[in-house]
Amino acid sequence: MAQLISTPMMDLLVQITTNHHLQLSNYTLQALGMAPSSEHSDKILPYKPNTPIGTLDTQHIKVIPKSRALPVPKNVPPGHQPFESTFRLKVHLPRNQLYVTRVSRNVMLEDIMRKVCEEKNLDPMKYEFKHPVKNHLSKVCFDKP
């Protein structure tokens, strides 16, 4: 496919995907630099979307599909999967502090302890989990041993 040397890389991608009825967001361009000898493979050249084709030292540009890796959500408690059944856990802390989080049944108490101590700046070696007297199914006390 012949193009003007002043065509920006992003415009080239739009033209190619439109002509071949491809979805633009699923593809990217890869500019390949010429290898000095036949023993070496072509190296991938970095570029910005508005870089004109003529400024790149290349004779080949490939259209490649983007990888389909799912993004990892941020601030997700350990062991939590999307659409997983969770329950609300209340942790009563020293000085009348309360820590509330949602956890799945697969989360280890050790992970919860580490997360609570990290967020509240507490020493995990000085505290332990204890069931409160009332409603022990949904609350957990966090007391010194």
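The exercises below walk through a predicted model of one chain, each with a worked solution.

Residues are numbered from 1 along each chain as its sequence is written. In this predicted model, local features need pLDDT of at least 70, side-chain atom pairs count only at pLDDT 80 or more, totals for chains, interfaces and linings use all residues, and side-chain values use heavy atoms, with hydrogens and water left out.

**Exercise 1. Confidence**

Task: find which element has the lowest mean pLDDT and which the highest.

Solution. Start with the scale: pLDDT is the predictor's confidence in each residue, from 0 to 100. The chain has a mean pLDDT of 79. In 75% of its residues the value is 70 or more. Now go element by element. Strand β7 (residues 139-143) has the lowest mean, 56. Helix α1 (residues 9-19) has the highest, 91. Where pLDDT is low, the predicted coordinates should not be read in detail.

**Exercise 2. The elements in order**

Task: state how many helices and strands the chain has, and what pattern they follow.

Solution. Fix the terms: helices (H or I, at least four residues) and strands (E, at least two) are DSSP runs, numbered from the N terminus. The chain holds two helices and seven strands. Along the sequence they read α-β-β-β-β-β-α-β-β.

**Exercise 3. The open sheet**

Task: work out the strand order of the three-stranded sheet and which strands stand at its edges.

Solution. Two strands pair if DSSP finds at least two bridges between them. The order is β2-β1-β3, in an open sheet with antiparallel pairing. β2 (43-45) and β3 (58-65) are the edge strands. Each has a single partner strand, so one side of each is left without a neighbour in the sheet. On average, neighbouring strands are turned by 45 degrees against each other, direction ignored.

Next, take the bridges. Strand β1 (residues 27-33) is joined to β2 by three. Leu32 stands opposite Ile44 in β2. Between β1 and β3 there are seven bridges. There, Leu29 has Val63 in β3 as its bridge partner.

Last, look at the cover. Five of the seven residues of β1 are buried (under 20% relative accessible area; exposed is over 50%, partly exposed in between; 1.4 Å probe, protein chains only). β1 is therefore largely enclosed by the rest of the structure.

**Exercise 4. One threonine**

Task: decide whether Thr101 is buried or exposed, and list what it touches.

Solution. Place Thr101 in strand β5 (residues 97-104). Its relative accessibility is 12%, so Thr101 counts as buried. Contact means heavy atoms within 4.5 Å. Leaving out residues up to four places away in sequence, Thr101 touches Phe87, Arg88, Leu89 and Lys115. For the whole chain, buried residues make up 26% of the 145.

**Exercise 5. Salt bridges on a helix**

Task: locate the two salt bridges and say which residues they join.

Solution. A salt bridge is a side-chain nitrogen of Lys or Arg within 4 Å of a carboxyl oxygen of Asp or Glu. The whole structure has two. Arg114 pairs with Glu110, the closest N and O atoms being 3.6 Å apart. These residues are four apart in helix α2 (residues 109-120), so about one helical turn separates them. Arg114 is partly exposed at 44% relative accessible area. Glu110 is exposed at 54%.

Asp111 also forms a salt bridge with Arg114, with closest N and O atoms 3.2 Å apart. Asp111 and Arg114 are three residues apart in α2, about one turn of the helix. Shared partners join Glu110, Asp111 and Arg114 into one network.

How values were computed: Axes are lines fitted to C-alpha atoms, for helices over the stretch in contact, and angles run from 0 to 180 degrees between N-to-C directions.
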